[in-house]
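Reader: Please show me the model, and then let us go through its sheet and its cores together.

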Amino acid sequence: MAEAALRFMRLYARGFRNLERLDLEPGPRFNVLSGDNGAGKSNLLEALYLLGVGRSFRGAAKADMVRLDEDEATLEALLDSGTAPRRLGLRLPRRGSRRLLLDGKRPRSLAVWHAAVQVVLFHPGHLALSTGGSELRRAFLDRMLEQMSPSYASNLSCYTRALKSRNRLLKDETPDGRALLAYAEILAREGAELVRERATLVEELHPKAERAFEEISGAATKLELRYLPRVEGGEEQLREAIAASLSEDLRRGYTTQGPHLDDVTFTVSQVSARHYASQGQHRALVLSLKVAELDTLTKRVGRTPILLLDDVSSELDRSKSRRLFSLLARLGGQIFLTTTHPEFILLDEHRVDFEVKEGRVTPAR
Ligand SMILES: Nc1ncnc2c1ncn2[C@@H]1O[C@H](COP(=O)(O)OP(=O)(O)OP(=O)(O)O)[C@@H](O)[C@H]1O
Ligand SMILES: [Mg+2]
């Protein structure tokens, strides 16, 4: 087990989705949340994820997260991070803006939050990482890098703002050439940094994901990850590519070169996973990515993040499930799993079971 692990010691929720007033004391290792469809299991994971990253995993609007008959949702958690426990708080008023509180005070920025707590989430929608469009894979890398590096978050927001402004200009009847050039300069400078960090991250994830994939599949099937930049090279090449595509960009009304169009390719036994993998293989692939994410965050941050697994074992055959759980048992750290079938969660040790029923969470008998 890793030397240090983050751990939610206590969780309080009020007015959040369908959850009844909640005061939960999770176990230090495996927490199995079981219940019927619609019981509130994913809602509980969403609450934990929100506290972990300050935003929703379903891209949900704030008002949707507040219980229908309430005006505000509040979440609080006591977090063990090795030293003194930290208090995380989040208030979501139906109207007005979200408020984060770290040890009772507003953090100066989201980066301060990211430095205090790290979570890794798998939920069924993440299968689209291997089956869907490239924007999901970029977002996967971007969210990870934001959790690990404050400078990445500011590079990315600089890049995104310049991209938006340039795209707006490109649609003008008579665009200002000097402004276009100035934005291109920002895109080249910040963009090269994004490419560098993302490519390095993919290299770091690759052997870890490969190992996890082999272990979950139980066969010598090779998973490969490759970062695929739209423009090869560094800042200079990016600057040239953007300059060279100016007339094309003007015709199309958007920026056609740059890391906002980069991708990551996954190949399984040398064929593209996106088009050829089975449902179970996609699931094994995305789970391997999550294991690699956890491993990488542990190395870079110096402690094991909290792992949230929503409906993880459906679609995996029994032997894949068994191998996944033995891998999880080795990872260490605190893990929350939801399931409609607790008997499918093939874990015996260090396990605490909770029942979720119509928004009420109770220790299982
Ligand atoms: N703001 C809200 N107020 C009240 N109820 C809500 C709110 N948002 C969602 N719900 C309800 O919460 C219920 C539980 O949703 P959740 O996704 O947590 O179920 P689940 O236990 O994960 O089920 P499944 O096994 O199908 O994944 C849904 O029936 C939904 O209608
Ligand atoms: Mg669910």
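Reader: Which strands does helix α1 lie across, and at what angle does helix α1 run to β12?

Author: This is a predicted model, in which local features need pLDDT of at least 70, side-chain atom pairs count only at pLDDT 80 or more, and totals for chains, interfaces and linings use all residues. Residues are numbered from 1 along each chain as its sequence is written, chains are lettered from A and ligands numbered from 1 in the order written, and side-chain values use heavy atoms, without hydrogens and water. Helix α1 (residues 41-53) lies across, that is, has heavy atoms within 4.5 Å of, β3, β7, β11, β12, β13 and β14. With axes fitted to C-alpha atoms and angles from 0 to 180 degrees between N-to-C directions, its angle to β12 is about 155°.

Reader: Why is one side of β7 and of β14 left without a neighbour in the sheet?

Author: The open sheet has six strands (DSSP E runs of at least two residues) in the order β7-β11-β12-β3-β13-β14, with mixed pairing, where a pair needs at least two DSSP bridges. β7 (119-122) and β14 (360-363) stand at the edges, so the reason is that each has a single partner strand.

Reader: Which helix gives the most to the largest nonpolar core?

Author: This core, a set of buried (under 20% relative accessible area, 1.4 Å probe, protein chains only) Ala, Val, Leu, Ile, Met, Phe, Trp, Tyr and Cys residues joined through side-chain atoms within 4.5 Å, has 63 residues, of which Leu 309, Leu 328 and Leu 337 touch the most other members. With 12 residues, the helix (a DSSP H or I run of at least four residues) that gives the most is α7.

How values were computed: Buried means under 20% relative accessible area, exposed over 50%, partly exposed in between (1.4 Å probe, protein chains only).
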